[in-house]
Amino acid sequence: MTSARRGTVRVLGIDPGLTRCGIGVVDVASDRSATLVHVGVVRSDPTAAIETRLATIASGIRAVIDAHAPAVVAVERVFAQHNRQTVMGTAQASGIALLVAGERGLPAATHTPTEVKAAITGYGAADKRQVQAMVARILRLDEPPKPADAADALALALCHAWRRGPTVGTAAVATPAQRAWAEAERLARR
């Protein structure tokens, strides 16, 4: 499914978190230009029971899907952290996001933070401010989306569209960051 504009794909990006779950929706054209559709954060009360918190996140994701009809969902892949409580909450929120996508019949993919940073900034170790600044620049926003969870969700959506979209591998329309990422992937396959 594509969005109302012919030749565009609408992607829902989700930066999973138990307290703050970043949500971003973008329309990405075949020339890789992108337009902001929606950005926000679904918040759950840290003092509530875990099942209530997860239900809140699911409800928020469903509401965004209903309002904006994305064609695909991109979720940040959970990575190892030293803080087990944080990684568990992130993994639970990620599972909820993937479940909701499945319930709605939407294809879903996961991307690592390094993959997203490389796709957006050309540098896999970019910091949050660099990602926020590039998201604002790509989407032609007056200021970076806040909080960082919201910017990360938009970055996930953009990364997915650029890496999985119909023009992936077309060097003529790739940005310098996308060309750098494609070259890194090519070298990693050796």
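Which residue of β4 is the bridge partner of V11? In this predicted model, the partner is V72. The pair belongs to the junction of β1 and β4, which run parallel and are joined by 4 bridges. That junction is a good place to enter the sheet.

The sheet is open and has 5 strands. Their order is β3-β2-β1-β4-β5, and the pairing is mixed. Strands β3 and β5 form the edges, each pairing on one side only. Between neighbouring strands the average turn is 20°, direction ignored. Helix α1 packs on this sheet and touches β1, β2 and β3. The direction of α1 makes about 155° with that of β3.

Now follow the chain through the antiparallel part. Strand β1 covers residues 8–15. It runs antiparallel to β2, and 8 bridges join the two. Within this pairing, I14 stands opposite I23 of β2. The two strands form a hairpin, with 4 residues between them.

Strand β2 spans residues 20–29. How many of its 10 residues are buried? The count is 9, so the strand is largely enclosed by the rest of the structure. On its other pairing, β2 meets β3, residues 34–43. The sense is again antiparallel, here over 9 bridges. V25 of β2 stands opposite H38 in β3. This hairpin too has 4 residues between its strands. R32 in the hairpin takes a positive phi near 75°.

The parallel part continues with β4, residues 72–76. Beyond its bridges to β1, β4 pairs with β5 in the parallel sense over 4 bridges. V75 has T110 as its bridge partner in β5. Strand β5 itself covers residues 108–111. It shows two faces. A109 and H111 make up the covered face. A108 and T110 lie on the uncovered one. T110 therefore combines a place on the uncovered face with a bridge to V75.Next come the helices. Helix α3 takes in residues 113–121. Several of its residues are buried: P113, E115, V116, A118, A119 and I120. Just after α3, G122 takes a positive phi of about 85°. Helix α4 follows at residues 128–138.

How do α3 and α4 pack, and at what angle? Their axes lie 9 Å apart, at an angle of about 50°. That angle makes α3 oblique to α4. The crossing of α3 past α4 is left-handed. From α3, the contact uses K117, I120 and T121. From α4, it uses Q130, V131, M134, V135 and I138. By class, 5 of the contact residues are nonpolar, 2 are polar and 1 is charged. I120 is one of the buried residues of α3, and it also takes part in this contact.

The last helix to visit is α5, residues 148–164. A153 is found there. Is A153 buried or exposed? It is buried, with a relative accessible area of 0%. What does A153 touch, leaving aside its neighbours within four places in sequence? Its contacts are G13, I14, D15, G22, I23 and G24. I14 and I23, the residues that stand opposite each other in β1 and β2, are thus both contacts of A153. The C-alpha atoms of A153 and G24 are separated by 5.0 Å. Along the chain, these two residues are 129 residues apart.

Finally, look at the loops. In the loop between α1 (50–68) and β4 sits A69. Its phi is near 45°, a positive value in a residue other than glycine. A69 is partly exposed, with a relative accessible area of 39%. The loop between α4 and α5 holds R140. R140 also has a positive phi, of about 55°, although it is not a glycine. At 57% relative accessibility, R140 counts as exposed. P147 has its place in that loop between α4 and α5 as well. The peptide bond from K146 to P147 is cis, with omega near -5°.

Key
Residues numbered from 1 in each chain as written. Predicted model: local features only at pLDDT ≥ 70, side-chain atom pairs only at ≥ 80, totals over all residues. Heavy atoms only, no water. Axes fitted to C-alpha atoms, helices over the stretch in contact; angles between N-to-C directions. Parallel < 35°, antiparallel > 145°, perpendicular 65-115°, else oblique. Left-handed = near helix turned anticlockwise from the far one by under 90°. Contact = heavy atoms within 4.5 Å. Nonpolar A, V, L, I, M, F, W, Y, C, P; charged D, E, K, R; others polar. Buried < 20%, exposed > 50% of the residue type's maximum accessible area, 1.4 Å probe, protein only. Pairing = 2+ DSSP bridges.
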